[in-house]
Every structure is written in structure tokens, then in C-alpha cells.
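Below are some notes for a colleague who is reading this two-chain complex with the interface in mind. They are set out as numbered points, to be read beside the structure.

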Amino acid sequence: MATYKIQIDDEVRNATPAEAAVIDAQHAEAEAQEQAQADRAAAKQAVLNKLGLTADEAVALFS
Amino acid sequence: MGANAQTSVPLFTAGEVLTAANQNISAGTGVPVFATTVTRDAAFGGSGEKVLAEGQLAYIEASDIVQYYDGTSWATLGPSTSGGLNLISATTIGSAVSSVTVSNAFSATYDNYRITVNGGSGSTEANLNFTLGNTATGYYWSYAGVEWSGTTAFGGGSNQTSFFAASTQTKGTFLNMDIFNPFLSDETVINTRYVNLKTATTGTSLSIGGFVDNTTSYTAFTLTPSSGTLTGGTIRVYGYANS
């Protein structure tokens, strides 16, 4: 488990194991979201490639 | 000049007859009332008048204020100048911290709050997550934004461990958040806006809205970058006056 320095109001100290676990969970969740976003973008691009359209052309098509 | 206004603050000598008129002036008004600061100044120190000294109070009709004399000059006691938005706390973010908690941010005094984060820097570009108290579940949010290129950006999170509030940037973090009912035993609703200070075309301005799915009463919140650390900048908490 990583060591984190945390601040509570004006006091800065090392996180307890429980506090570090909360930060780890947030980091993991953010990574998963980033991956899901990248997957969505790749899927979108694959469809555009299949259609032979640029993103701007696809937007114009549906506007 | 109003019915309570007086032009002198009389002082009595031994054996002097206290008339009804005297009584009405000296005691009936409690704090002496003057039309202006000019008549206030003229009311002390003359023949048969009280000598102005430290601790003296006065009400000025012209400006609707209560003043006290500190021995040298008059100072205004009230009314207070509190407005609709009142600063509760300002926390300077330390150096290379992985999270910042602000305690005693929320109380029974206000139902709704504005939180701002201004300046400082993140060690890397990352999400800036927001949590209430020790709650690490039940955060629901969605965002909509537009990149500098004009490309739209949408997304959301359901039953997350935190609320996605902003983005940390090496150039600084700039966030404004409105938060409703965090102290009340009701669902807490959150709206934020932030600007991503990035010159690449993927730089963004975003609006994020959501809520926390419980009715817990909170007094504290924590900001945690999804990776890296924060250094510097200020977190300010303001309360919206209930009335």
C-alpha cells in the first residue's frame, strides 16, 4: 500500500492504513473510468472508420 | 429629527430638581439618539452636559447606526455588514499532499454553501474528487462540457466512491461548487463548474451535477486528486444566508 501525506485543516500527516485504502479506492475508480472513456472513444472511432467519415462529418450528418 | 432625538446629554447636580422632561431625555431614550454626528458632538461637554468619555453609546438617525466612543473617536458598532454570502473558512493547501480535509465546514447556520478552490498546482493532470465526511459510496454525477476544439465531452458515474468535482492541473486548480443540504438530514446535492487550464485542444470547461444517496448530516469534506498530489492554492467555504 502506498504512503500518502494528507492534510486535515492546517495539520499535515501520513495517512493511516484505513485512510490510504480510501485514497487507493478512489485512484482505482478513476483509472477504471479513464479506461472506460478510452474504450468508448475507440469504439466511436471504429464506427467512424467503418463509415469513412470524420467526427465533424458525423456531427454534421445528425445536426 | 425624530421623536427620540436629543441635542444634549444633561448632567445633574446635587439638589437639582429632576423634571419629567429631564427624565425623558436622560433615561427614556436608553442609548442617546442624535439626528447627525454634528448634533451628537454638540451634545457633550457643554454647561450642564455630560463630559464625553470612553464607553459612551449613541444612535445616529441620519445613517441608522449605533456607535461607541473609545476615548479618542467614535466607532460604528452595527448593524453588521454581513451579506448574503459569508466566508466560513479559508484553508491553504500544503505541499505535496494527497488529500485535504476541511473540518467544520457545514453547520446548522446555513443550508447551502459555495466552495471555491483557487490556484496552487497538481503534480499531474488528474480528477479532483470530493467526498463528504467518511462516506465512500453512493455518489452519483454526470458531466457535460466542451473542449477548446469544440468537441463535446459527456460522462457520468453511478454509485461511485467519490464525486468528480474538477481537474487538477499543473497550472492551477479552479473550481466553484454549490452544495445543498450537507448538514441537513437530507440528500446532499452538488453542482460544480471548472475550467481545465490546458492549451491543448483537449482543454475543457465542464459542468458537473449530482448527489449523494444518503441523508447523513455532514460537517466536513475532503478533496483528493485521483493521482498525484496538490501543492498550494486556497480552499474557501462560504455559507449562503438562509434569510
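1. A salt bridge is taken here as a side-chain nitrogen of Lys or Arg within 4 Å of a carboxyl oxygen of Asp or Glu. By that rule, 0 salt bridges are found across the interface of chain A and chain B. The model is a predicted one, and this count should be read with that in mind.

2. Polar contacts, by comparison, do appear on the list: between chain A and chain B there are 14 residue pairs in polar contact, with both residues of each pair at pLDDT 80 or more. On the side of chain A that touches chain B, the classes are 7 nonpolar, 5 polar and 4 charged residues.

3. The size of an interface is often given as the accessible area lost when the parts come together. For this pair of chains, about 1700 Å² is buried between chain A and chain B, and 40% of that area lies on carbon and sulfur atoms. Which three residues supply more than any other three of the area that chain A buries against chain B? They are K5(A), Q7(A) and Q26(A), and their contribution is 37% of that area.

4. In terms of contacts, 16 residues of chain A meet 26 residues of chain B. Two elements of chain A, β1 (5-8) and α1 (17-51), each supply at least two residues of the side that touches chain B, and the largest share of that side, 9 residues, comes from α1(A).

5. The strand β1(A) also takes part in pairing between the chains, since it is matched in the parallel sense, over 3 bridges, with strand β6 (residues 99-102) of chain B. Within this pairing, Q7(A) stands opposite V100(B) in β6(B), and Q7(A) is also one of the three residues named above for buried area.

6. Chain A itself has 2 helices and 2 strands, which follow one another along the sequence as β-β-α-α. Its radius of gyration is 21 Å, whereas a compact globule of 63 residues would have a value near 11 Å. The C-alpha atoms of chain A fill a box of roughly 55 × 25 × 10 Å along the principal axes.

7. Chain B contains an open sheet of 4 strands in the order β1-β2-β3-β4, with mixed pairing, and its edge strands, β1 (33-34) and β4 (74-78) of chain B, each pair on one side only. The partner of β4(B) is strand β3 (residues 65-69) of chain B, in the antiparallel sense and over 4 bridges, with Y68(B) standing opposite A75(B) in β4(B).

Terms used
Residues are numbered from 1 along each chain as its sequence is written. Chains are lettered from A and ligands numbered from 1 in the order in which they are written. This is a predicted model: local features need pLDDT of at least 70, side-chain atom pairs count only at pLDDT 80 or more; totals for chains, interfaces and linings use all residues. Side-chain values use heavy atoms; hydrogens and water are left out. Contact means heavy atoms within 4.5 Å. Buried area is the accessible area (1.4 Å probe) that two parts lose on being put together, summed over both. A polar contact is a pair of N or O atoms within 3.5 Å; within protein, one must be able to donate a hydrogen and the other to accept it, and residues adjacent in sequence count only if both atoms are side-chain atoms. Ala, Val, Leu, Ile, Met, Phe, Trp, Tyr, Cys and Pro count as nonpolar, Asp, Glu, Lys and Arg as charged, and the others, Gly among them, as polar. Two strands pair if DSSP finds at least two bridges between them. The radius of gyration is taken over C-alpha atoms; the globule rule is 2.2 Å times the number of residues to the power 0.38.
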